[in-house]
Amino acid sequence: MGSGRKDESSSLEDALLLQNGVSGFYAGDGSVDFNGKPVLKNKSGNWKACSFILGTFFCERLAFYGISTNLVNYLIEKLHQGNVSAARNVTTWQGTCYLTPLIGAILADTYCGRYWTIAGFTTFYLIGLCTITLSASVPALKPAKCINSKCPSAAPAQYAVFFFGLYMIALGTGGIKPCIWPFGADQFDDTDPRERVKKGSYFNWFYFSQNIGAIIAASLLVWIQENVGWGLGFGIPTLLIGFAIVSLFLGTPFYRFQKSGGSPLTRICQVLVASFRKRNVAMPEDGNLLFETQDISSAIKGSRKLEHTDEVRCLDKAALVSAAEIGTGDTYDPWRVCTVTQVEELKILIRMFPIWATGIVFSAVYAQMSTLFVEQGKMMKRAIGSFTIPAASLSFFNHISVIICVPIYDRVIVPIARKYTGKERGFSQLQRMGIGLFISVICMSVAALVEIKRLQLAKILGLIHVEVSVPLSILWQIPQYVLLGSAEVFTFIGQHEFFYEQAPDAMRSLCSALSLLTNSLGNYLSSLILTIVNGITTEGGKTGWIPDNLNEGHLDYFFWLLAGLSFLNMIVYMVFARRYKEKKTS
């Protein structure tokens, strides 16, 4: 008890310190240093701290893309899987990589904080990378080479070793992804208008650094994998994770830390239980009668108070104090009475849900870059002179598009848009995401048109039943990669910003993970659509849309299907985006 009161007293003193005369010197958003003390603005955070975080993120992304960019080709060429099986395995694994962040987010928000969660999960990452490097290097761990087009299947043990390493990477990235970009955003004080503008730029440059890593992976690492060896091609990402760990720890003295607010899932359950218990109690018209702590800061550690809203009023009953509870002293039992801030946390998640759900279809479109775009490219002319372009390296143009678009967006589009909209960041996050969804429809339409052209040429040359590439240059794929990159700049960056800014303070890692979960579900949706389409179109012994020999299929139909789904998804998004109400802190 004594220790609890001491901690509470210390927190109150810190809050008062920040509210009084020294607030200009200290961060006003509750940030603390490594030792748990309020931080001085001029000695912590900002771009100085972010440089180390971006360095860590750059190395981790370069390692991740070094594995994922060419993974479909490794499965086909070295593990001897078919086109559909390889594409399904890649999208399922990538989906898992965006599902595991829920584990890291809950640990970060509840117990460890973002910094220690990032540091701890790199261990799993390192184990996974070492395993797949061994799998690609040791002869006993990989199947025999193909002889006269006959490729022996990998043994179960060989599959087990490789996929164990692959899914350890998925677990490792689950602790880094939901924490690293919120941790970077934590370095800017929400209560300081100047730092708040810098935070908007941070999200753009964060994504910029990610794509610098991706472009190196799509060019240099893919070339090494296909021309030098897969062992070295997987070994370099292993080394990069070591550099990521070093960069993270070097920046420790400069970081601003946010205190963990306890389990967000427990708080959500408390609101649901408390409101259910009072389902028959009449609600007062005056929202000011609902329970809220009288302290300066919220009862939730690391969180500011949230203003009451009139939406989903049935949940407000959780913050209603009955006469019986006053008599028994149950006002201090969070399973019976919750604060307004706690109730508003759940309301925010409910408001965000439709916006979140529309990101799933966009992620399904994005998943094609590392699967069917690559398989389409392999059936096109890849030689330029004596040089053969690896099909997976065309993602280079996606990342180049992002690298070009980010500075243009940050330095040109935002200032111009700001003049017309009056918004600090030019567009609202919702407007930004909507533009990206529209571009994704165009992207899939262009991919379908390229495939139509490829199939027409295959028919003219009599190559329909011959599994060879068609003499249509792979450079025709560049527009679809560029459009997908442009869509990313609007949708994915806007999504990151939206889920950080609109999230309750003590749920930012969780909401970051929910944002990443759309990538996971998008990959699973892509796998599901592939499975359904393949099942329906191959009924009765038919060739199907996506056979192993794409010259016999109709990959264009699949791309048109995704374009149609993307258009419908955009319409649904527009409906809910117009109704969305932003959070307000008090």
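Which are the buried residues of α8? The legends below start there, and the model they describe is predicted.

**View 1. Helix α8 and its buried residues.**
Helix α8 covers residues 230-250. It has 21 residues. From first C-alpha to last, α8 reaches 31 Å, close to the 30 Å expected at 1.5 Å a residue. Its buried residues begin with Trp230, Gly231, Gly233 and Phe234. Pro237, Thr238, Leu240 and Ile241 are buried as well. Ala244, Ser247 and Leu248 complete the list. An α-helix has 3.6 residues a turn, so residues three or four places apart point the same way.

**View 2. The packing partners of α8.**
What do the buried residues of α8 pack against? The partners are helices α2 (46-68), α3 (71-77), α5 (101-137), α6 (156-185) and α7 (193-227).

**View 3. Helix α2, largely enclosed.**
Helix α2 has 23 residues. At 1.5 Å a residue, they should span 33 Å. The end C-alpha atoms of α2 are 32 Å apart, which agrees. Is α2 largely enclosed or largely open? Of its 23 residues, 17 are buried, so α2 is largely enclosed by the rest of the structure. Buried here means under 20% relative accessible area.

**View 4. The largest cavity.**
The model holds six cavities of 30 Å³ or more. The largest cavity contains about 200 Å³ of space. It is lined by 17 residues. Closest to its centre are Tyr65, Gln94, Tyr366, Met369 and Ser370. Two or more lining residues come from each of α2, α11 (340-366), α13 (395-421) and α16 (508-537). Helix α2 gives the largest share of this lining, three residues. How many charged residues does the lining of the largest cavity have? It has no charged residues, but eight nonpolar and nine polar ones.

**View 5. The second largest cavity.**
The volume of the second largest cavity is about 170 Å³. Its lining counts 16 residues. Arg61, Tyr98, Gln210, His496 and Leu516 are the closest to its centre. Helices α2, α6, α7, α15 (478-501) and α16 each give two or more residues to this lining. Helix α15 gives the most, with four residues. By class, the lining of the second largest cavity divides into nine nonpolar, four polar and three charged residues.

**View 6. An aromatic pair between α11 and α15.**
The model has 41 aromatic pairs. One of them joins Phe362 and Phe492. A pair of aromatic rings is described by the distance of the centres and the angle of the planes. For Phe362 and Phe492, the centres are 5.0 Å apart and the planes meet at 85°. The pair is edge-to-face. Phe362 sits in helix α11 and Phe492 in helix α15. They are 130 residues apart, so the pair links distant parts of the chain. Phe362 is buried, at 1% relative accessible area. Phe492 is buried too, at 4% relative accessibility.

**View 7. A cluster of aromatic rings.**
Which residues do ring pairs link into a cluster? The members are Trp47, Phe57, Trp181, Phe188, Tyr202, Phe203, Phe206 and Tyr500.

**View 8. Two loop residues with positive phi.**
His80 is not a glycine, yet its phi is positive, about 60°. This residue lies in the loop between α3 and α4 (83-97). Is His80 buried or exposed? His80 is buried, with a relative accessible area of 15%. Val312 also has a positive phi, near 45°, and is a residue other than glycine. Val312 is found in the loop between α9 (264-277) and α10 (323-328). At 33% relative accessibility, Val312 counts as partly exposed.

**View 9. Glu292 and its contacts.**
Glu292 has its place in the loop between α9 and α10. Glu292 is buried, because its relative accessible area is 17% and the cut-off for buried is under 20%. Which residues does Glu292 contact, leaving aside its neighbours within four places in sequence? The contacts are Lys305, Thr339, Val340 and Thr341. Glu292 and Thr341 are 49 residues apart in sequence. In space, their C-alpha atoms are 7.3 Å apart.

Terms used. Residues are numbered from 1 along each chain as its sequence is written. This is a predicted model: local features need pLDDT of at least 70, side-chain atom pairs count only at pLDDT 80 or more; totals for chains, interfaces and linings use all residues. Side-chain values use heavy atoms; hydrogens and water are left out. The expected span of a helix is 1.5 Å times one less than its number of residues. Buried means under 20% relative accessible area, exposed over 50%, partly exposed in between (1.4 Å probe, protein chains only). Contact means heavy atoms within 4.5 Å. On a 1 Å grid over the protein atoms alone, a cavity is a set of points where a 1.4 Å probe fits but cannot get out, and a pocket is an open set with protein on both sides within 12 Å along at least five of seven lines; lining residues have an atom within 4 Å of a point. Grid points are joined across faces, edges and corners, and a volume is the space filled by probe spheres set on the points. Ala, Val, Leu, Ile, Met, Phe, Trp, Tyr, Cys and Pro count as nonpolar, Asp, Glu, Lys and Arg as charged, and the others, Gly among them, as polar. Rings of Phe, Tyr and Trp (its six-membered ring) pair if their centres lie within 6.5 Å; planes under 30 degrees apart count as stacked, over 60 as edge-to-face and the rest as tilted.
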